[in-house]
Amino acid sequence: MKRFVVKDDFYLDNNPFKILSGAIHYFRIPPDNWYHSLYNLKALGFNTVETYVPWNMHESKEGEFDFTGILDLEKFLAIAQDLDLYAIVRPSPYICAEWEFGGLPAWLLAKDVRVRSSDPKFLNYVERYYKVLLPKLAKHQLDQGGNILMFQIENEYGSYGEDKTYLRCLKKLMEDQGLTAPFFTSDGAWQATLKAGSLIDDGVLVTGNFGSKGKINFANMKAFFKQHNKEWPLMCMEFWDGWFNRWKEPIIRREPEELADSVMEVLKEGSINLYMFHGGTNFGFMNGTSARRNKDLPQVTSYDYDAILDEAGNPSPKFYALQRRLKEAYPDLDYREPLIKETMAIDQIPLVAKVALKDTIHNLSRASRDFYPKSMEALSQPTGYILYRTQLPKDKEEERLRVIDARDRIQVFVDDEKVATQYQEEIGGDIMVKQKTNLSQVDILVENMGRVTYGHKLEAPTQSKGLGRGLMADLHFVGEWEQYPLPLDNISDIVYASEFEWQEGLPAFYRFEYDCPNPKDTYLNLSHFGKGVAFINGYHLGRFWQVGPTLSLYLPASFMKKGRNVITIFETEGIYQTQLALTHKPLYKEIEGEKL
């Protein structure tokens with residue numbers, strides 16, 4: 001069996017070993033595409049793949065674990081090993097990764113726990129998860145015939161806390177489940193974060209995260225090592241070769257040659273993990289949100305990241321720029337030509353049926369009834385939408401309504417007519433309505449646009465989603481609510497019945513159908529729709545929003561069938577079209593300004 005150790009350098013079978021790693025998140029890439037992405041990593045000349053492990057996907061419902069399909073981590077590791085790639089695995093409870101709630105399961109918000117801490121209740125949940133996850137990883141360790149070199153204990157903890165008891169408890173839980181490969185922590189490469197987030201005095205390797213100025217950041221790390229009498233190899237565990245994108249902000253790009261210069265600067269002194277090598281897609285409702293003091297900024301569905309491979313897994317200009325520089329400096333590496341997938345386009349896919357949410361909601365959701373509205377978490381719903389419904393007596397000609405503490409975005413309807421849309425800082429403002437009947441039906445559709453992934457708001461009240469404290473009419477809170485959870489994890493129950501009278505301007509489902517004899521990767525053009533989510537053959541592709549910067553959704557060939565395919569769109573603004581198109585390339589909206 002091979003042996004990997006950390007001393008003054010990384011050693012593989014007693015020989016110095018430079019880790020050339022790229023991040024590929026199995027849970028962001030269709031399983032049929034794993035080989036393609038991993039092969040291209042090998043083709044670049046690299047020797048290692050790195051991945052996070054998202055707790056909230058593997059245990060989305062408390063006590064129920066899933067390691068199938070896109071979550072088959074062991075299959076991903078096996079494909080990597082077949083390609084002679086080593087692996088770095090980061091199975092920490094929290095991953096950030098611009099992923100919904102930083103990878104923490106939303107059901108934790110309904111528990112009385114302090115996340116990312118030595119709170120025994122939190123650690124009990126982690127231990128239950130680890131008893132399922134870690135034995136699967138243990139057998140893929142290098143000394144057991146697998147390919148895993150190292151494991152991360154926690155992720156950028158120095159940017160969150162300094163609870164060393166918590167870090168040591170995680171380390172022990174990992175050891176108790178059979179992990180023997182070297183452990184590491186990764187933090188920003190400066191004194192405060194390295195000190196707070198590391199277990200350097202316990203002999204746990206310290207790595208740094210940065211995207212430029214390799215010489216300066218490595219100097220900071222060397223100074224920190226010297227303070228603790230450590231002679232360790234230098235490694236950038238996250239070298240940010242691009243960046244993620246948020247709604248209403250311009251796409252962020254990085255010049256390929258400048259990136260190659262920065263990577264080579266790092267490789268002169270140490271090892272590297274490119275974050276990301278292949279970013280992939282935040283399928284479903286898994287996009288994260290950036291925390292800001294007064295509001296949160298949701299990220300888009302695409303996790304293209306302007307990475308070495310594009311969202312579909314094909315080489316970007318950065319691939320060729322970096323490979324060219326690597327060949328000059330390290331001519332003996334195993335370089336190959338990358339794999340490139342074909343794409344396809346289809347015009348004029350027809351709309352075959354449509355139905356308003358109000359007419360099919362009873363097919364999609366079972367209502368619960370409470371005097372005061374409950375949060376998503378209290379209703380055991382992690383993500384998606386909830387429709388809240390109540391009755392409002394007419395007390396005067398014009399009524400003032402206010403929605404208090406709802407999160408994140410609401411649409412208010414009175415007797416099936418939209419009277420307001422509010423988002424974050426607008427929520428709580430006056431909504432003036434003139435009721436046409438003595439007793440009106442009020443519906444409030446609440447969208448959870450994603451929980452924060454990083455920073456001080458992980459446990460803030462803003463991360464609990466739903467109607468909040470509720471609806472006020474005049475000066476009092478309205479009671480007696482029906483609540484319809486809409487996680488949209490199964491849309492097969494939508495009924496498109498002819499007896500439903502179509503009404504424009506309401507949230508609705510749209511069904512499009514097309515035949516495809518030879519499916520290839522493509523992009524779903526949603527530039528003429530307002531806001532919502534899209535599905536292909538029942539699989540949730542993610543969110544779209546006409547505010548940009550993205551106006552399309554990546555549609556992998558493996559999600560399609562040879563023959564008849566069904567695209568379903570849930571659109572909330574009443575903006576739609578009667579034809580769809582698939583395009584060869586993603587579509588973007590030009591937005592001026594800078595990232596906030």
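Start your tour by selecting K248, in the loop between β10 and α8 (256–267). Keep in mind as you click around that this is a predicted model.

**Stop 1: the K248 loop**

Is K248 buried, exposed or partly exposed? It counts as partly exposed because its relative accessible area is 45%, which falls between the cut-offs of 20% and 50%. Now add W545, V547, G548, P549 and I591 to your selection: K248 touches each of these, leaving aside residues up to four places away in sequence. Select Q546 as well, and have your viewer show the C-alpha distance to K248. The two are 298 residues apart in sequence, yet 9.1 Å apart in space.

While you are here, zoom in on P549. You'll find P549 in the loop between β28 (539–545) and β29 (552–555). The peptide bond leading from G548 into P549 is cis, and its omega is near 15°.

**Stop 2: the barrel**

Next, colour the strands β4 to β11. Together they form a closed barrel of 8 strands, in the order β4-β5-β6-β7-β8-β9-β10-β11, and the pairing is parallel. On average, neighbouring strands of this sheet are turned by 30° against each other, ignoring direction.

For a look at one pair, pick β6 (residues 86–90) and β7 (residues 148–155), which are joined in the parallel sense by 3 bridges. Which residue of β7 is the bridge partner of I88? Select M150 to see it.

**Stop 3: strand β9**

Now move along to β9 (205–210). This strand is mostly covered, with 6 of its 6 residues buried. Show the side chains and compare directions. L205, T207 and N209 point one way, V206, G208 and F210 point the other, and all of them are buried. That fits a general pattern: side chains in a regular strand alternate between the two faces of the sheet.

On one side, β9 runs parallel to β8 (residues 183–188), with 5 bridges between them. Find T185 and you'll see it standing opposite V206 of β9. To get from β8 to β9, the chain passes through helix α6 (residues 191–197), in a right-handed β-α-β crossover.

β9 also runs parallel to β10, this time with 3 bridges. Here N209 stands opposite E238 of β10. Follow the chain onward and you meet another right-handed β-α-β unit, made of β9, α7 and β10.

**Stop 4: two helices lying across the strands**

Stay with α7 (residues 214–227) for a moment. This helix lies across β9, β10 (235–240) and β11, and its direction is at about 155° to that of β9.

Then select α1 (residues 34–44). Which strands does α1 lie across? They are β4 (20–24), β5 (48–52) and β11 (271–278), and α1 runs at about 140° to β11.

Strand β11 has a detail of its own. Select M276, which lies in β11, together with Y275. The peptide bond from Y275 to M276 is cis, with omega near 0°.

**Stop 5: the bent helix α4**

Show α4 (residues 120–138) as a cartoon and look at Y130, where the helix bends by about 40°. At the N-terminal end, D119 acts as a cap: one of its side-chain oxygens lies 2.9 Å from the backbone nitrogen of K121.

Which residues of α4 are buried? Select F122, L123, Y125, V126, Y129, Y130, L133, L134, L137 and A138. These buried residues pack against α2 (55–58), α3 (73–82), β6, β7 and α5 (164–176). As you look along the helix, remember that an α-helix has 3.6 residues a turn, so residues three or four places apart point the same way.

**Stop 6: two positive phi angles**

Finish in the loops on either side of β6. In the loop between α3 and β6 you'll find D84, whose phi is positive, near 65°, though D84 is not a glycine. In the loop between β6 and α4 sits E98, another non-glycine residue with a positive phi, of about 55°.

Turn on the surface for these last two. Which is buried or exposed? D84 counts as exposed because its relative accessibility is 53%, over the 50% cut-off. E98 is buried because its relative accessible area is 10%, under the 20% cut-off.

Terms used. Residues numbered from 1 in each chain as written. Predicted model: local features only at pLDDT ≥ 70, side-chain atom pairs only at ≥ 80, totals over all residues. Heavy atoms only, no water. Pairing = 2+ DSSP bridges. Helix = DSSP H or I, 4+ residues; strand = E, 2+ residues; numbered from the N terminus. Axes fitted to C-alpha atoms, helices over the stretch in contact; angles between N-to-C directions. Contact = heavy atoms within 4.5 Å. Buried < 20%, exposed > 50% of the residue type's maximum accessible area, 1.4 Å probe, protein only. Right-handed = clockwise from strand over helix to strand, strands pointing away. Bend = angle between axes of the 7 residues up to and from the residue. Polar contact = N/O pair within 3.5 Å; in protein donor to acceptor, adjacent residues only side chain to side chain.
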